[in-house]
Amino acid sequence: MAWNRERARMVATEDDHKVTPAELFFDLVFVYAITQVTALMAEAPSPMRMVGAMVVLALLWWCWCAFAWLGNVVRADSGALFGVLVTVMAVVLIVSLAVPDVFTDAPGGLSVPLVFVLCYGAVRTLHLTSYWLSSPGDAALRVTLRRTAMASVLPPLVLLLIGCAFDGKVQLLWWLGAVAVDYGGIYVTGSSGWRVNSPGHFAERHGLIVIIALGESIVAMGVGVSGFPLSYAVLGASAAGLLLSAGLWRLYFRQLGEAVEHRLTALDGDDRTRFARDVYTFLHLPLVAGVVLCALGMKKVLQQVADTGHYGLAEPLHGVVAWSLTGGVGVYLLGAAAIVLRTSGRRPTALAVGGVCCLAAGPLVGLVPALVALTVLAATAAVLVGLHTRRGGRTFTAVEAA
């Protein structure tokens with residue numbers, strides 16, 4: 001019995017803790033979940049469907065972030081927590097299966113929205129329970145956990161359940177309210193009690209989720225041309241899409257990631273917790289959301305270029321899909337700009353102006369061939385990243401290192 005208790009106990013992390021294979025395994029279900037969010041938008045693109053997909057992404061993001069924080073204070077490969085992670089993986093897999101039909105529940109079978117909400121509630125409950133058991137002597141943490149349960153878990157769950165009784169816009173409005181209460185509740189509970197033991201681990205975990213999102217954009221292009229013959233236009237569109245993803249990757253991993261980690265390391269106590277909450281938990285969501293939105297546009301570009309039986313090379317993207325291509329990049333750039341501002345106080349003019357212009361460029365995308373739009377966007381992203389590097393990137397890095 002003593003041996004079993006020893007095997008099951010949770011093991012605290014140290015300040016040099018790194019990402020474990022157990023956490024990489026855990027992320028696999030979120031790879032699929034993000035793919036399903038793109039599928040949710042692509043099935044019937046509309047402004048309402050786009051908003052709904054972002055609501056679903058925000059809920060999934062909260063599930064992932066909860067265990068990123070927990071894995072920073074308790075080793076994910078320790079006996080008890082690893083068992084919890086596998087359980088959560090099973091639950092999130094069910095959530096992922098429900099995502100494409102979460103706003104269009106067909107008759108027959110289980111209620112898809114209800115399954116989604118119950119599984120979401122189970123993940124949040126498992127997270128709070130695991131945190132409670134991880135630090136039995138931490139009174140401040142337990143107070144915060146109780147506040148979190150009452151302000152940021154129970155009320156949103158009630159709103160989500162109410163939304164399940166409706167469909168269409170009414171369901172979406174209830175769920176939007178749930179997300180607003182859930183995210184706002186984190187500020188109500190405060191930062192006392194939460195811990196970031198290893199800045200390196202925390203930064204690496206969030207870098208990996210950005211990689212997962214960028215990988216989804218590449219997968220989306222492959223899905224777009226699936227079943228169609230290769231052509232020079234397909235190869236060119238694929239290259240342009242890859243260059244766009246590479247530009248977004250370079251902005252984060254060459255300009256943002258290291259400097260933000262330095263800043264996180266330099267802080268301690270509640271200041272470190274607040275910075276981690278603002279920059280990683282909140283401001284990394286626009287990065288992931290931007291890539292997911294852009295992935296929809298990239299998928300449709302590749303599909304149109306490949307499907308020569310229904311589209312000509314001069315065919316532009318239409319409607320909300322046209323906006324998603326540039327708008328996704330705009331959301332990403334504005335998220336990056338907010339990270340720079342929160343980290344260093346410096347105004348990232350190139351990123352902010354570029355982000356606003358990309359958000360407003362949707363109507364222009366609908367006027368030019370889809371392949372041209374993707375190529376120009378890839379070149380524009382490269383220029384914006386270069387301008388940010390020349391005008392402030394070195395200063396940003398130097399300030400944070402100091």
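A salt bridge here is a side-chain nitrogen of Lys or Arg within 4 Å of a carboxyl oxygen of Asp or Glu. By that rule, the structure holds nine salt bridges.

Some ground rules before the exercises. This is a predicted model, in which local features need pLDDT of at least 70, side-chain atom pairs count only at pLDDT 80 or more, and totals for chains, interfaces and linings use all residues. Residues are numbered from 1 along each chain as its sequence is written, and side-chain values use heavy atoms, with hydrogens and water left out.

**Exercise 1: the overall build**

Work out what kinds of secondary structure the protein has, and how its radius of gyration fits with a compact globule.

Step 1. Go through the helices and strands: there are 15 helices and zero strands. Both are DSSP runs numbered from the N terminus, helices being H or I with at least four residues and strands being E with at least two.

Step 2. Now the radius of gyration, taken over C-alpha atoms; the globule rule is 2.2 Å times the number of residues to the power 0.38. For 402 residues a compact globule would come out near 21 Å, and the protein has 21 Å, so the two agree.

Step 3. Look along the principal axes: the C-alpha trace spans about 70 × 60 × 35 Å.

Step 4. Check the burial, where buried means under 20% relative accessible area, exposed over 50%, and partly exposed in between (1.4 Å probe, protein chains only). Buried residues account for 54% of the 402.

Step 5. Finish with contacts, meaning heavy atoms within 4.5 Å. Of the contacts between residues at least 6 apart in sequence, 83% join residues at least 24 apart.

**Exercise 2: a salt-bridge network**

Find out which residues are joined with Arg205 into one network of salt bridges.

Step 1. Start with Glu23, whose side chain meets that of Arg205 in a salt bridge (3.5 Å, N to O). Arg205 sits in helix H8 (residues 199-225) and Glu23 in helix H2 (residues 21-43), 182 residues apart.

Step 2. Add Asp27, which meets Arg205 in a salt bridge at 2.7 Å, N to O. Asp27 lies in helix H2 and Arg205 in helix H8, so this pair ties together parts that are 178 residues apart in sequence.

Step 3. Are these residues buried or exposed? Arg205 has 1% relative accessibility and counts as buried; Glu23, at 2%, is buried too, and so is Asp27 at 4%.

Step 4. For another salt bridge, try Asp278 and Arg342, with the closest N and O atoms 3.1 Å apart. Asp278 is in helix H10 (residues 269-282) and Arg342 in helix H12 (residues 319-344), so the pair ties together parts that are 64 residues apart in sequence. Asp278 is buried, with a relative accessible area of 12%, whereas Arg342 is partly exposed at 34%.

Step 5. Put the network together: salt bridges that share partners join Glu23, Asp27 and Arg205.

**Exercise 3: rings around Trp62**

Describe how Trp62 pairs with Tyr183 and with Phe282.

Step 1. Set the rule: rings of Phe, Tyr and Trp (its six-membered ring) pair if their centres lie within 6.5 Å; planes under 30 degrees apart count as stacked, over 60 as edge-to-face and the rest as tilted. The whole structure has 14 aromatic pairs.

Step 2. Take Trp62 and Tyr183: this pair is stacked, at 4.0 Å centre to centre with 25° between the planes. Trp62 is in helix H3 (residues 47-73) and Tyr183 in helix H7, 121 residues apart.

Step 3. Check their cover: Trp62 is buried at 6% relative accessible area, and Tyr183 is buried at 12%.

Step 4. Turn to Phe282: its ring centre is 5.8 Å from that of Trp62 and the planes are at 65°, so this pair is edge-to-face. Trp62 belongs to helix H3 and Phe282 to helix H10, so the pair ties together parts that are 220 residues apart in sequence.

Step 5. Zoom out: Trp62, Tyr183, Tyr187 and Phe282 form one aromatic cluster.
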